[in-house]
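Open your viewer, and have the selection box ready. We will go from stop to stop, picking residues as we go.

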Amino acid sequence: EYGPAKKYLTFEPDEGGFNNIRMAMETAVAMAHAMGRTLVMPPEQRMYLLGKKDKHSKNTLSFEDFYHFDSVAVEHAGVEVISTEEFLEREIMSGNIRHPETGEIMHPPQNKTGWHGIGTYHSQDFKELAGFLREAGISSTW
């Protein structure tokens with residue numbers, strides 16, 4: 001059997017507007033629930049057309065700013081949603097997930113678990129984390 005007994009679905013938002021990202025995220029919640037997987041939400045980041053240009057205001061957002069996933073889990077049995085940080089600490093840093101081809105224990109980029117405020121879809125940090133998560137899992141080409 002590949003990987004840990006617990007299965008995950010990671011959500012990587014695209015560079016679209018918030019409504020498109022919201023619809024994709026809602027689809028990911030439904031898919032995770034239907035497949036019995038824990039949904040891993042992306043870290044806090046800048047979102048297109050959201051946030052303030054004022055440097056003293058909060059410029060990054062997470063989906064928890066819009067949705068209360070703890071409440072969703074209580075209302076809908078079988079829906080578990082965790083943060084990227086929690087996933088990295090629970091599965092990657094503990095050595096539970098190995099490289100799918102080599103079997104070697106994987107480590108996140110820079111051995112970092114906290115990725116909040118990683119910038120936009122085009123930022124180097126976002127690309128680095130997304131690339132790692134794709135490598136750590138099984139990516140389907142639909």
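What covers the buried residues of α3? Among the elements that do so are β1, β2 (38–41), β3 (81–83) and α4. Keep in mind that this is a predicted model.

**Stop 1: the whole chain**

Begin with a cartoon view. You should find four helices and three strands, and from the N terminus on they run β-α-β-α-β-α-α. The protein has 142 residues, and buried residues make up 35% of them. Now switch on the surface: the accessible area comes to about 8,800 Å², and carbon and sulfur atoms account for 51% of that. Among contacts with a separation of 6 or more, 62% are between residues 24 or more positions apart.

**Stop 2: helix α3**

Select residues 84–92, which form helix α3. Show the side chains of Thr-84, Phe-87, Leu-88, Glu-91 and Ile-92, the buried residues of this helix. Look down the axis: they cover an arc of only 100 degrees, which puts them on the same side of α3. A rule of thumb helps here: an α-helix has 3.6 residues a turn, so residues three or four places apart point the same way.

**Stop 3: the aromatic pair**

Keep Phe-87 on screen and add Tyr-8. The structure holds one aromatic pair, and these two residues form it: their ring centres are 4.8 Å apart and their planes stand at 65 degrees, over the 60 needed, so the pair is edge-to-face. Tyr-8 belongs to strand β1 (residues 8–10) and Phe-87 to helix α3, so the pair ties together parts that are 79 residues apart in sequence. Are these two residues buried or exposed? Both Tyr-8 and Phe-87 are buried.

**Stop 4: helix α1**

Next, select residues 18–35, helix α1. At 1.5 Å a residue, its 18 residues should span 26 Å, and the end C-alpha atoms are 25 Å apart, which agrees. Colour Ile-21, Met-25, Ala-28, Val-29 and Ala-32, the buried residues of α1. Seen down the helix axis, they fall within an arc of 105 degrees, so they line one face of α1. Then step on to Gly-36, which follows α1 and has a positive phi, near 70 degrees.

**Stop 5: the loop between α3 and α4**

Which residues other than glycine have a positive phi here? Select Gln-110 and Asn-111: phi is near 60 degrees in Gln-110 and about 50 degrees in Asn-111. Gln-110 is found in the loop between α3 and α4 (124–136), and Asn-111 has its place in that loop too. Gln-110 counts as exposed, at 54% relative accessibility, while Asn-111 is partly exposed, at 46%.

While you are in this part of the sequence, show Lys-112 and Trp-115. The charged end of Lys-112 sits over the ring of Trp-115, 4.1 Å from the ring centre.

**Stop 6: Ala-136**

Finish in helix α4, where Ala-136 is found. With a relative accessibility of 7%, Ala-136 counts as buried. Add Arg-98 and draw a distance between the two C-alpha atoms: they are separated by 7.1 Å, although the residues are 38 apart along the chain.

Methods
Residues numbered from 1 in each chain as written. Predicted model: local features only at pLDDT ≥ 70, side-chain atom pairs only at ≥ 80, totals over all residues. Heavy atoms only, no water. Phe/Tyr/Trp six-rings, centres within 6.5 Å; stacked < 30°, edge-to-face > 60°. Helix = DSSP H or I, 4+ residues; strand = E, 2+ residues; numbered from the N terminus. Buried < 20%, exposed > 50% of the residue type's maximum accessible area, 1.4 Å probe, protein only. Lys NZ or Arg CZ within 6 Å of the ring centre and 35° of its normal. Expected span 1.5 Å × (residues − 1). Arc of directions from axis to C-beta. Contact = heavy atoms within 4.5 Å. Areas by Shrake-Rupley, 256 points an atom, 1.4 Å probe, with all protein chains shown as cover.
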